[in-house]
Amino acid sequence: MSYYTGNDVYRRLDAVNDPRFVWVSGNAWILIYGDPYAHAKVVAFVRARSIGNENTGALQRTRHGWALAKELAQRVGLPFFDICYEDQAEEIDSVELNGHLISLEKLKNDFESAGLQVKNGTVGKAINSRESSAYHHWQRQSLGSITVSDIDLFRLDDHRSTPIEIIELKRSYFQIQDWKPYPQDFPNFNLIVDVARRADIQFTIAYNYHVKRPAYIDDASSMSLFEYPSSTGNARHSGIFTFDQFVAGDYLQGKGQR
């Protein structure tokens, strides 16, 4: 079961094949975990075991995403959790953490040791379902009051070695000129900014138009871009750009471009 298959931004990036952009999708996630106040505590790379059976391109992207997540954790001095779970079983009671098989109870204890709140009680088995992976089932039943954000997209420098931008992808039914970041998303943005600022990486919010009915439209030919420089909840509109301008980084205006 693949829980997220992509969007028009990913499809267009696949088509242009620009090696400066790295992302993971399907049953892999780059996650930042923080306390209720959006102070980052853990960078995690979570993946399903079946990813190893995917096509070469997806597998290569997953490996690159893993390397960038690990580098990000090292740059900001946070623990790195490499978590692999079994997605072919109906339920699980263990995962691999940094190459070692551990129980779900031990995984909860490790998150607590990293400074995150956990729920009281013994951890039961986690279930793989159509709605949710076993890992996310475990997360809901085990972790307490936390902030968690996933990283949608990295932009690398021109040498393709160092991440210089984290891009949050948003899409909705609002026309591109009308959409603004939702205040309820600010805690998640603040968590990403906490890491991006410490790593000296630009954080950008990129929006494109998307509707499911009456006809399905997911159109990233034009994108509305926002800078979110701090945890003040003040998103600054950089402007509306074509997809090609987005890829070229025209909106960065020297910020982080190297």
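**Pocket, sheets and backbone**

Colleague: Which element gives the most to the lining of the second largest pocket, and with how many residues?

Modeller: The elements are DSSP runs numbered from the N terminus, helices being H or I over at least four residues and strands E over at least two. This is a predicted model in which local features need pLDDT of at least 70 and side-chain atom pairs count only at pLDDT 80 or more, while totals for chains, interfaces and linings use all residues. Residues are numbered from 1 along each chain as its sequence is written, and side-chain values use heavy atoms, with hydrogens and water left out. The element that gives the most to this lining is α2, with 4 residues.

Colleague: What is the volume of the second largest pocket?

Modeller: A pocket is an open set of points on a 1 Å grid over the protein atoms alone, where a 1.4 Å probe fits and protein lies on both sides within 12 Å along at least five of seven lines. The volume is the space filled by probe spheres set on the points, which are joined across faces, edges and corners. For the second largest pocket, this comes to about 230 Å³.

Colleague: Which residues lining the second largest pocket are the closest to its centre?

Modeller: Lining residues have an atom within 4 Å of a point, and α1, β1 and α2 (56-76) are the elements that give two or more of them. Of the 12 residues in the lining, the closest to the centre are Asn-17, Asp-18, Pro-19, Phe-21 and Arg-61.

Colleague: What is phi of Asn-17?

Modeller: Asn-17 is found in the loop between α1 and β1. Most residues other than glycine have a negative phi. In Asn-17, by contrast, phi is positive, near 55°.

Colleague: Which peptide bond is cis?

Modeller: The bond leads to Pro-214, a residue of the loop between β12 and β13. With omega near 0°, the cis peptide bond is the one from Arg-213 to Pro-214.

Colleague: Why is one side of each edge strand left without a neighbour in the sheet with the order β1-β10-β11-β12-β13-β14?

Modeller: Strands pair if DSSP finds at least two bridges between them, and this open sheet of 6 strands has mixed pairing. The edge strands, β1 (21-22) and β14 (236-242), each leave one side without a neighbour because each has a single partner strand.

Colleague: What angle does the direction of helix α1 make with that of β13?

Modeller: Helix α1 (residues 8-16) packs on the sheet and touches β1, β10, β11, β12 and β13, contact meaning heavy atoms within 4.5 Å. Axes are lines fitted to C-alpha atoms, for helices over the stretch in contact, and angles between N-to-C directions run from 0 to 180 degrees. The angle with β13 is about 95°.

Colleague: How many degrees does the twist average in the sheet β7-β6-β4-β3-β2-β9?

Modeller: This is an open sheet of 6 strands with mixed pairing, and its edge strands, β7 (100-103) and β9 (147-150), each pair on one side only. From one strand to the next, the twist averages 30°.

Colleague: Which residue in β4 is the bridge partner of Phe-45?

Modeller: Strand β3 (residues 40-48) and strand β4 (residues 80-85) run parallel and are joined by 6 bridges. In β4, the partner of Phe-45 is Asp-82.
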